[in-house]
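The exercises below ask you to read burial, pairing and packing from a set of coordinates. Work through each task with the structure open before turning to its solution.

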Amino acid sequence: MRLMTRVLLVSLLSLSLVVSGLACGPGRGYGSRRRHPKKLTPLAYKQFIPNVAEKTLGASGRYEGKITRNSERFKELTPNYNPDIIFKDEENTGADRLMTQRCKDKLNSLAISVMNQWPGVKLRVTEGWDEDGHHFEESLHYEGRAVDITTSDRDKSKYGTLSRLAVEAGFDWVYYESKAHIHCSVKAENSVAAKSGGCFPGSALVTLKDGEQKAVEDLNPGDKVLAADSAGNLVFSDFIMFTDRDSATRRVFYVLETKEPVEKITLTAAHLLFVLDNSTDDLHTMTAAFASSVRAGQKVMVVDDSGQLKSVIVERIYTEEHQGSFAPVTAHGTIVVDRILASCYAVIEDQGLAHLAFAPVRLYYAVSSVLFPKNLNSQSTATLQQEGVHWYSRLLYQMGTWLLDSHMLHPLGMSLNSS
C-alpha cells in the first residue's frame, strides 16, 4: 500500500511539473517572478549593491584564504568554457577562466542576460582568479570568487546597465568600480549560505486561529496557523506536515532584523522569504528569495498591530546557532513566523513551482481529513514527519536536479544530514 501511494504521488508530481510550464502559478502576488519584469535601473558610477562592504555577511562574506595551484583548495575552482563569454586571459594561463561553481553559475546567467539586452554583444571577463598577486590583500580574486567584467564592445555607456544585470543574475556583491570595468563577487561555497537547509528554529512562534502563539516544533496536523493567500491577504491555513524535522542538530541560521517596527525572523540560508525592492510598497510585486540572498535595504512583510501586512525595511542581517530545525508546510504554502511572512518552501527559488509540486501532498491531506477526521492529530498520520527530511522532499529535490536549471536551486542543494 505504501509503495502504491508513492507511485501515485510520483505520477501526480510529474503531471504537475508538466502543467507548471503552462500555468500562471497561484494567482498574482508571490508567484513566478517572471510575471513582473523589473525595470532595469543602471547603477551609478562607484555604486555597489548591496550597500554594505563586500566581505560582510550581507554581501559576499569573509575572505577564506588565497588559493594556489598547489593548495588543497585548488579543486574548489572549475574552468568556465562558456562560448558566450570572452575571457581576456592576458596572462595566457587560463587563470581567468577558473572560478568557484557559484561564480560560474552567476556568470553564465549574466552572459545570457547580456545577449538578450544587446543582441550581438557578449559578456567579457577581464580578471578572474588571480594567482599572481595583482590585487589588494585579501581580494576575493585570489579565491576565484570575483570577476571584473565589461561588454565585448567595451561601450562604457552600457556599464551602468551591465552592473544592474549582474545584480539581477544573482552576484552577491556588484560594484561599478571604475570606468573600465564592473567588479562582481559571490559567497564562498563553504559559507553558512551553503551549510544549512530550509528550516526555522523550533522556538520560532506562529499564530493560531484562536490568537494563541505556538512554537513551530509543537505544531500538529490540523492546527490552523496564520499565513497568506496568493493575493497577499492574511488567512488561517491548515498545517499539513514537516518537510524536515530535526530536534538535535545545531545549525547556523540567518537572522533578518527590520527597522520600525523592529521584528526579526530566524531561518536557514536556503529557505524562501517574501521580499520587495525598497522602491515599492506594492505587495503584489513581492517575490520569493533565498534568505541568504536577502540584503539590507530590501523589504519584508510584517504583520502590524492592526493585523495587516506591511512592508518593512531590513536593517540588519547576522547569524546565530540554534539546536533543532523545523520546516512546516501549510495548505497555502506560506506561513507567518515571528510576525514576518515566509514561504514554507526551500532550495528551489520559485514559490509557484514549489507550491504546485506539493499539490499531491495537499490532496492526500484533504482526502485523509474527510475520510479519517479522528486520526488527524495522530502522530501516525502519514503526512507527519517524525525526524529527518521527508521522503517526498528528497524525491522533489532529486527530480528538480534533473528537470530544473541549476540557477533555480540553492547552491547547498538539500541538507541531508538528518537521520
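**Exercise 1. Place Val347 in the chain, decide whether Val347 is buried or exposed, and give the C-alpha separation from Phe290.**

Solution. Begin with the location: Val347 belongs to the loop that runs between strand S19 (340-346) and helix H4 (351-357), where helices (H or I, at least four residues) and strands (E, at least two) are DSSP runs numbered from the N terminus. The relative accessibility of Val347 is 6%, so Val347 counts as buried, given that buried means under 20% relative accessible area, exposed over 50%, and partly exposed in between (1.4 Å probe, protein chains only). Finally, Val347 and Phe290 are 57 residues apart along the chain, and their C-alpha atoms are separated by 7.8 Å.

Two remarks on conventions apply throughout. The model is predicted, so that local features need pLDDT of at least 70 and side-chain atom pairs count only at pLDDT 80 or more, while totals for chains, interfaces and linings use all residues. Residues are numbered from 1 along each chain as its sequence is written, and side-chain values use heavy atoms, with hydrogens and water left out.

**Exercise 2. Describe the sheet that contains S8, and state which strands stand at its edges.**

Solution. Six strands form an open sheet with mixed pairing, in the order S1-S7-S8-S6-S5-S3. S1 and strand S3 (85-87) stand at the edges, and each has a single partner strand, so one side of each lacks a neighbour in the sheet. Within the sheet, S6 and S8 run antiparallel and are joined by four bridges, two strands being paired if DSSP finds at least two bridges between them. Val147 provides a point of reference, since Val147 stands opposite Cys184 in S8.

Ser185 also lies in strand S8, and this residue is buried, with a relative accessible area of 0%. Leaving aside neighbours within four places in sequence, the contacts of Ser185 (heavy atoms within 4.5 Å) include Glu54, Leu140, Arg145 and Trp173.

**Exercise 3. Explain why helix H3 (residues 159-169) is described as largely enclosed, and identify what covers its buried residues.**

Solution. First take the count: ten of the eleven residues of H3 are buried, so the helix is largely enclosed by the rest of the structure. Among these buried residues are Tyr159, Leu162, Leu165 and Val167. Next take the cover, which includes helix H2 (101-117) together with strands S1 (48-49), S5 (123-127), S6 (146-151), S7 (173-178) and S8 (181-185). As for orientation, H3 lies across S1, S5, S6, S7 and S8 and runs at about 165° to S7, with axes taken as lines fitted to C-alpha atoms, for helices over the stretch in contact, and angles running from 0 to 180 degrees between N-to-C directions. Gly170 follows H3 and has a positive phi, near 105°.

**Exercise 4. Characterise the hairpin formed by S11 and S12.**

Solution. Strand S11 (residues 224-228) and strand S12 (residues 234-258) pair in the antiparallel sense over five bridges. Lys224 stands opposite Asp238 in S12. Five residues lie between the two strands of the hairpin, and Gly232 in the turn has a positive phi of about 90°. Four of the five residues of S11 are buried, so this strand is largely enclosed by the rest of the structure.

**Exercise 5. State how many helices and strands the protein has, and what percentage of its residues are buried.**

Solution. The secondary structure comes to six helices and 20 strands. Of the 419 residues in the protein, 53% are buried.
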